[in-house]
Amino acid sequence: MTTDAQSFLAQVAGTAVIMTGGGTVRGLDLASGEERWAWKGTDPDEYGAELYVSRSFTDGQFVLLVVENGYGSAGLVSLDVVSGEVAWKQHGDEAVLDGAGQIGGSGLLAIDGNLLEVTPDGVRGLG
């Protein structure tokens with residue numbers, strides 16, 4: 001386990017999902033504290049810089065991360081909570097966040113375990 005600063009993102013299916021100060025997202029076994037997996041959100045070709053997680057959501061099987069790079073580039077990454085593998089991702093310079101979960105004019109909300117996207121055109125369930 002790493003010793004640098006860590007932020008709690010989610011607790012899912014016996015796994016604590018945390019982010020280190022260096023931007024790595026780790027899945028830790030809640031019973032033992034052992035690392036199950038790690039995801040490093042660094043891909044300069046996609047985002048132009050290292051990523052940090054500004055918000056997270058879960059449905060009990062996946063953890064959805066709202067990621068930013070500090071230069072206006074942002075996106076979404078869905079990780080399988082058991083393996084840490086990327087299930088899907090969406091990114092682009094047009095997906096700018098305002099710090100309140102706003103992506104391209106839409107907002108993300110978690111209500112009763114359901115992820116909703118709120119836009120000027122209405123509300124729709126995601127997943």
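These are my notebook entries on the fold, one sheet and the cores of this model.

**Ground rules.** I'm working from a predicted model, where local features need pLDDT of at least 70, side-chain atom pairs count only at pLDDT 80 or more, and totals for chains, interfaces and linings use all residues. Numbering starts from 1 along each chain as its sequence is written, and side-chain values use heavy atoms, with hydrogens and water left out.

**Fold.** I looked up the elements and got one helix and 12 strands; these are DSSP runs numbered from the N terminus, H or I of at least four residues for helices and E of at least two for strands. From the N terminus, the order is β-β-β-β-α-β-β-β-β-β-β-β-β.

**Sheet.** I traced an open, antiparallel sheet of four strands, ordered S1-S2-S3-S4; strands pair if DSSP finds at least two bridges between them. S1 and S4 are the edges with a single partner strand each, so one side of each has no neighbour in the sheet. I then checked S1 against S2: six bridges join them, and Val12 sits opposite Thr15 in S2.

**Cores.** Next I went for the largest nonpolar core (buried Ala, Val, Leu, Ile, Met, Phe, Trp, Tyr and Cys residues joined through side-chain atoms within 4.5 Å; buried means under 20% relative accessible area, with a 1.4 Å probe and protein chains only). It has 16 residues, and Val25, Trp39, Leu65 and Leu79 touch the most other members. S1, S2, S4, S6 and S7 each supply at least two of its residues. A second, separate core has five residues, including Phe57, Val66, Leu76 and Leu115.

**Leu65.** Beyond four places in sequence, I found Leu65 in contact (heavy atoms within 4.5 Å) with residues including Leu9, Val25, Trp39, Arg55 and Leu79.

How values were computed
Buried < 20%, exposed > 50% of the residue type's maximum accessible area, 1.4 Å probe, protein only.
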